[in-house]
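Open the structure in your viewer and keep the selection tool handy. We will go from stop to stop, and at each one you will hear what to select and what is there.

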Amino acid sequence: RNKFEQQWSVLQHKANEVVNRVRDRHIRLAVTGLSRSGKTAFITALVNQLEHAAIDGRLPLWDAQRQGRILGARRVPQQNLHIPTFAYERGLDSLFGDPPAWPEPTRGVAEVRLEIRYRTRHPLRRHLGEISTLYVDLVDYPGEWLLDLPLLDLSYEQWSEQVEQQLRRPELQQLATAWLEPRWQAEQAFEEKPASELAMRYTDYLHACKRELGLHLIQPGRFVLPGEFAGAPLLQFVPWVWDKPAGEPADGTLYATFKQRFEQYKQHLVQGFYEQHFAGFDRQIVLVDCLQPLNAGAASFGDMQQAIARIMESFAYGKSNWWRRLFSPRIDKLLFVASKADHVTPEQHGPLVSLLQHLVSSGRGQARFEGIETECLALAAIKATEVGKGQANGREFPAIRGTSLDGEPLLLFPGEVPSQIPPAQWWQNQGFDFQAFRPLPMSAHQALPHIRLDAALEFLLGDHLE
Ligand code: GDP
């Protein structure tokens with residue numbers, strides 16, 4: 001080949017590379033986790049760090065920022081107009097308020113879009129124009145919605161059977177009396193008012209399981225976090241735990257109506273979520289609050305562990321072929337975060353990551369098998385404590401200092417985080433006491449204080465900012 005042809009082929013190759021890279025210029029990062037795992041704080045902090053990254057960023061673990069290649073980031077209008085916008089400004093108003101307060105938590109799907117301008121290291125693109133742009137969508141949604149995935153494989157009868165089994169646990173039975181009584185007849189005619197009241201009592205029961213027993217495995221997930229479907233008939237049914245119908249009840253009976261609604265719930269809400277949202281995510285962050293269940297006790301911790309395992313099933317595509325066919329997900333990186341790491345002293349961060357690794361190990365293996373890159377981190381999106389030293393019996397101990405939610409100064413050693421799933425005896429003499437802190441007074445002119453949020457940024461965005 002002559003020299004010209006050679007050069008032409010090199011140029012063509014490089015042009016292809018540019019086109020491929022141009023396709024990469026947009027990325028959807030989804031953030032999930034159970035209620036109160038810290039999603040709202042995490043997204044607020046991420047937006048805030050990005051907006052400050054070019055000027056006063058303190059993000060040494062994020063290569064592009066440390067190398068001074070981030071030129072700026074700003075919020076721009078999102079493209080999906082039907083999805084509510086993440087309430088970033090409102091969150092900041094709370095954080096910078098007097099007294100400082102935490103932002104209102106997540107209740108449904110919300111998103112925010114950022115435009116990041118940076119200097120590329122890629123030789124050709126640097127040559128072409130020097131400055132590159134990456135659009136990042138951050139999407140927030142409740143982890144409770146992922147708990148519904150197994151419902152897709154269950155019939156109304158099978159699901160009802162499952163709930164009946166759960167009700168054998170005395171503590172659940174006790175909470176359930178308000179909806180279990182009186183007994184309903186499968187063949188009785190469906191009437192709107194009593195049926196919706198029954199569904200309301202069942203929903204109250206699900207909320208009580210969460211509030212009073214610290215349970216996370218709440219199904220159907222939309223009953224407790226309905227998003228835009230609050231009050232819709234789709235959320236007005238209950239599992240059938242009374243006398244079974246003799247045959248297939250006719251249309252218009254209570255049983256048949258509940259069964260239809262269950263099927264519609266599966267189709268519109270569960271499957272709909274995977275089709276409309278999940279299938280479009282590029283990367284996923286799963287937040288886990290390991291500390292609160294350590295406080296709450298063995299039952300709460302065990303339940304959280306099960307809930308996380310269920311959440312992970314959404315990433316185990318290979319197990320069922322219909323799953324891949326229906327949603328063709330494209331997630332290539334999965335980040336697990338032990339949130340609120342500022343609640344424990346720094347030497348506990350190692351055990352905290354290790355505990356998280358154990359919690360997500362099975363699903364993580366499956367994700368790897370799918371070719372998804374995974375990482376576990378302990379971080380604080382918004383650091384609300386300082387590290388200090390306490391004194392007891394004439395000896396110094398590591399401690400954290402902050403302000404309680406009621407405004408009282410606190411200095412404490414919350415305890416040792418177990419580095420594995422705690423065995424039964426751990427719970428007998430565990431002295432874990434983790435307290436909620438109010439955010440520190442902060443300046444709106446500086447980036448929010450954090451722990452290792454930059455490591456998360458590096459994992460999530462690093463390769464796209466080369
Ligand atoms: P969501 O329900 O997942 O959106 O959870 P939030 O982001 O609203 O967090 C729930 C609560 O956890 C907040 O109100 C804070 O009390 C606490 N929290 C969340 N993130 C942090 C953090 O980084 N540090 C501390 N100290 N507390 C946090």
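Begin by selecting Pro 220, which is found in the loop between H8 and helix H9 (221-224). Now add Gln 219 and look at the link between the two: the peptide bond from Gln 219 to Pro 220 is cis, with omega near -5 degrees. Keep in mind throughout the tour that you are looking at a predicted model.

There is another cis bond to visit. Select Glu 181 and Pro 182, which are joined by a cis peptide bond with omega of about -10 degrees. Pro 182 has its place in the loop between helix H7 (170-180) and helix H8 (192-213).

**To the ligand**

Next, select the ligand and show what surrounds it. Where does the ligand sit? Its place is the largest pocket. Around the ligand there are 18 residues, and those that come nearest are Arg 36, Lys 39, Thr 40, Ala 41 and Asp 342. If you colour this shell by class, you will find 8 nonpolar, 6 polar and 4 charged residues.

Now try the distance tool on three contacts.

- Select Gly 38: a backbone N or O atom of this residue lies 3.0 Å from an oxygen atom of the ligand.
- Select Ala 41: one of its polar backbone atoms is 2.8 Å from an oxygen atom of the ligand.
- Select Asp 342: here a polar side-chain atom lies 2.8 Å from a nitrogen atom of the ligand.

Then switch to a surface view. On its own the ligand has 580 Å² of accessible area, and the protein covers 95% of it.

Stay here a moment and select Arg 36, one of the residues that come nearest to the ligand. You will find Arg 36 in the loop between strand S1 (26-33) and helix H2 (39-56). Is Arg 36 buried or exposed? With 64% relative accessibility, Arg 36 counts as exposed, because the cut-off for exposed is over 50%. Check its backbone too: Arg 36 is not a glycine, yet it has a positive phi of about 70 degrees.

**Around helix H17**

Another positive phi is waiting at Arg 452, so select that residue next. Phi of Arg 452 is near 60 degrees, and this residue is not a glycine. Arg 452 lies in the loop between H16 and H17. At 28% relative accessibility, Arg 452 counts as partly exposed.

From there, select helix H17 (453-461). How many of the 9 residues of H17 are buried? The count is 8, so H17 is largely enclosed by the rest of the structure. Among the buried ones are Leu 453, Asp 454, Phe 459 and Leu 461.

Now pick Phe 434, in the loop between helix H16 (424-428) and helix H17. Phe 434 counts as buried because its relative accessibility is 11%, while the cut-off for buried is under 20%. For a long view, add Arg 28: the C-alpha atoms of Phe 434 and Arg 28 are 34 Å apart in space, and the two residues are 406 apart in sequence.

**Some pairs to compare**

Select Ser 404, which lies in the loop between strand S9 (395-403) and strand S10 (409-412). Ser 404 counts as buried, at 10% relative accessibility. Add Phe 437 and join the two C-alpha atoms with the distance tool: they are separated by 4.6 Å, although the residues are 33 apart along the chain.

Move on to Pro 77, found in the loop between strand S2 (70-76) and helix H4 (88-95). Pro 77 counts as exposed, with 72% relative accessibility. From Pro 77 to Glu 115, 38 residues apart in sequence, the C-alpha atoms are 9.7 Å apart.

Then select Leu 335 in strand S6 (residues 333-338). Its relative accessible area is 0%, so Leu 335 is buried. Between Leu 335 and Val 387, the sequence separation is 52 residues and the C-alpha to C-alpha distance is 26 Å.

**Last stop**

Finish at Gln 65, which lies in helix H3 (residues 63-66). This residue counts as buried, at 12% relative accessibility. What does its side chain come up to? Show Ala 53 as well: a polar atom of the Gln 65 side chain lies 2.9 Å from the backbone oxygen of Ala 53.

How values were computed:
Residues numbered from 1 in each chain as written. Predicted model: local features only at pLDDT ≥ 70, side-chain atom pairs only at ≥ 80, totals over all residues. Heavy atoms only, no water. Near = heavy atom within 4 Å. Polar contact = N/O pair within 3.5 Å; in protein donor to acceptor, adjacent residues only side chain to side chain. Areas by Shrake-Rupley, 256 points an atom, 1.4 Å probe, with all protein chains shown as cover. 1 Å grid on protein atoms, 1.4 Å probe; cavity = no way out; pocket = protein on both sides within 12 Å on 5 of 7 lines; lining within 4 Å. Sits in = over half its atoms within 2 Å of the grid points. Nonpolar A, V, L, I, M, F, W, Y, C, P; charged D, E, K, R; others polar. Helix = DSSP H or I, 4+ residues; strand = E, 2+ residues; numbered from the N terminus. Buried < 20%, exposed > 50% of the residue type's maximum accessible area, 1.4 Å probe, protein only.
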